[in-house]
Amino acid sequence: MSSTGGSQEGGTDEIGTQQGEASGRAGLAEGSAPTGQAEARGEGNPPSGQQGEGEGSEKAEPAQLQGEAGGRKKPVVVIVVGMAGSGKTTLMQRLYAHMHGSNIAHYLINLDPAVPSVPYLANIDIRDTVNYKNVMKEYGLGPNGAILTSLNLFTTKIDEVITLVERRADTLDYVFIDTPGQIEIFTWSASGAIITEAFASTFPTAVCFVVDTPRAANPGTFISSMLYACGILYKTRLPLLLAFNKTDVARHDFAVEWMHDFEAFQAAVDRDPSYSASLSRSLCLALDEFYSNLHAVGVSAVTGGGIKEFFAAVESARKEYMEGYRVELEQMRAEKAKKEAERQSAEMTRFRADSVGEKDELARRTGKMKLDEGADVDDEDEDLVEDEMEEDSEEGEDDY
């Protein structure tokens, strides 16, 4: 898997020296690593109809990622999740087109094993490692079970994925991860948690929850989406970015108003005659604190509207990660190191005590052996004296 950067020389794009074969998918039995069948992908032109915004305009400045000592910071990892049909993959295509056209170095990872094709150039693709259809046949699973099993198999190679990204970290601004359409397969599975924590412990990481704006116009659907986003926030403890997609169809202003004005949401709920309206009203009050910790932005994966605001929100999420999650992570690591040092010290104390006890026991046994040897020598001397006395007595009798 080669990486895709957005750099250009002499006004031309760098084209990868090799093109991957789409048919080269690794089988399960081979247990191939992500590097085994990965395509050697170079940077190409964006797909037709998805050219970067502002073709003849001034190029957008890449993210400034200067470190404290003047060095380059690590890239921001954005894990894109959302309900099926919310437009995650289409948004990934738009982000790719924008970064390619704006000369922003990027790295794209596809974790959906069941998608027939992706409309962007993925640097790492789960389909190069696990064959989704073979999983269904070999384990006798349905579609969702096969996706989950494929993700579990891929997770066994996550250390190699992290290594590949780390090799390019000094030249990258962003890493985007496209997840399976069935949101619960990634967000509530062990493999999803492992992948999220692996990236979060290595790079600044944020979660982008894509919301279908037209559907969210219903108060019940809106509150359900917010509850799901709340669960993701408190499960991962990572900065959460709400991307209200499809703003070309319906503006997201109503959603922002509902998040910050309870009375406006209550007025919308009152127009809903269903029995769930009172529940939605109560939940909105409970989520008031949750809304204060969110970065919300409206985007259109089709027209490219709101993409610049999206990247500004990502940078805000980076800052939140460094001030919150990273500090907590360092504290946990320090606490773990302290406990490990205490454990080693206690074990060393026990070892030394056992060593002293063994030495004392050895000395005691050695002294006893010497005493026993001395007693044996005394007995031999007494026997020798008695023999000599008997011999002298016999000689005296002979002389007489």
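## How much of the chain is buried

Let's start with burial. Of the 400 residues in this chain, 43% are buried. Keep in mind that you are looking at a predicted model. The chain has 13 helices and nine strands, and we'll meet several of them below.

Contacts along the chain are also worth a look. Take the contacts with a separation of 6 or more: residues 24 or more positions apart account for 78% of them.

## The sheet

Now find the strands. Seven of them form an open sheet, in the order 5-4-6-3-7-8-9, and the pairing is parallel. Strand 5 (124–125) and strand 9 (294–298) stand at the edges with a single partner strand each, so each has one side left without a neighbour in the sheet.

What holds paired strands together in general? Strands of a sheet pair through backbone hydrogen bonds, and the pairing can be parallel or antiparallel.

Let's walk through some of the pairs in this sheet. Strand 4 (residues 106–110) and strand 6 (residues 174–178) run parallel and are joined by five bridges. One residue pair to look for here is Leu108 with its bridge partner Phe176 in strand 6. Strand 6 also pairs with strand 3, again in the parallel sense, over five bridges. In that pairing, Val76 stands opposite Tyr174 of strand 6.

## Strand 3, covered on both sides

Strand 3 covers residues 76–82. Is it mostly covered or mostly open? Mostly covered: seven of its seven residues are buried. Val76, Val78, Val80 and Gly82 point one way from the strand, Val77, Ile79 and Val81 point the other way, and all are buried.

Besides strand 6, strand 3 has strand 7 to pair with: the two are parallel and share six bridges. You can trace this pairing residue by residue. Val81 has Phe209 as its bridge partner in strand 7, and Gly82 stands opposite Val210 in strand 7.

## Strand 7 and the helix packed on the sheet

Why is strand 7 described as largely enclosed by the rest of the structure? Because eight of its eight residues are buried. Both faces are covered: on one side sit Thr205, Val207, Phe209 and Val211, on the other Ala206, Cys208, Val210 and Asp212, and all of these are buried. Strand 7 is joined to strand 8 by six bridges, and these two strands run parallel. Look for Asp212, whose bridge partner in strand 8 is Asn245.

Helix 8 packs on this sheet, touching strand 3, strand 7 (205–212) and strand 8 (240–245). The direction of helix 8 makes about 170 degrees with that of strand 7. Gly220 is a residue of helix 8. Buried means under 20% relative accessible area, so Gly220, at 17%, counts as buried. Its C-alpha atom is 8.1 Å from that of Val269, although these two residues are 49 apart along the chain.

## Two residues with positive phi

Next, some backbone angles. Asn103 has a positive phi of about 60 degrees, although it is not a glycine. You'll find Asn103 in the loop between helix 1 (88–101) and strand 4. Is it buried or partly exposed? Asn103 has 33% relative accessibility, so it counts as partly exposed.

Arg237 also has a positive phi, near 60 degrees, and is a residue other than glycine. Its place is the loop between helix 8 and strand 8. With a relative accessible area of 45%, Arg237 is partly exposed.

## The largest pocket

Arg237 turns up again here. The largest pocket holds about 370 Å³ of space. Its lining has 22 residues, and the closest to its centre are Glu197, Ala200, Thr236, Arg237 and Tyr325.

Which elements give two or more residues to the lining? They are strand 3, helix 5 (183–187), helix 6 (190–200), helix 8 (219–236) and helix 13 (307–399). Helix 13 supplies the largest share, six residues. Sorted by class, the lining has eleven nonpolar, five polar and six charged residues. Notice that strand 3 and helix 8 are back: both help line this pocket, and helix 8 touches strand 3 where it packs on the sheet.

Notes: Residues are numbered from 1 along each chain as its sequence is written. This is a predicted model: local features need pLDDT of at least 70, side-chain atom pairs count only at pLDDT 80 or more; totals for chains, interfaces and linings use all residues. Side-chain values use heavy atoms; hydrogens and water are left out. On a 1 Å grid over the protein atoms alone, a cavity is a set of points where a 1.4 Å probe fits but cannot get out, and a pocket is an open set with protein on both sides within 12 Å along at least five of seven lines; lining residues have an atom within 4 Å of a point. Grid points are joined across faces, edges and corners, and a volume is the space filled by probe spheres set on the points. Helices (H or I, at least four residues) and strands (E, at least two) are DSSP runs, numbered from the N terminus. Ala, Val, Leu, Ile, Met, Phe, Trp, Tyr, Cys and Pro count as nonpolar, Asp, Glu, Lys and Arg as charged, and the others, Gly among them, as polar. Two strands pair if DSSP finds at least two bridges between them. Contact means heavy atoms within 4.5 Å. Axes are lines fitted to C-alpha atoms, for helices over the stretch in contact, and angles run from 0 to 180 degrees between N-to-C directions. Buried means under 20% relative accessible area, exposed over 50%, partly exposed in between (1.4 Å probe, protein chains only).
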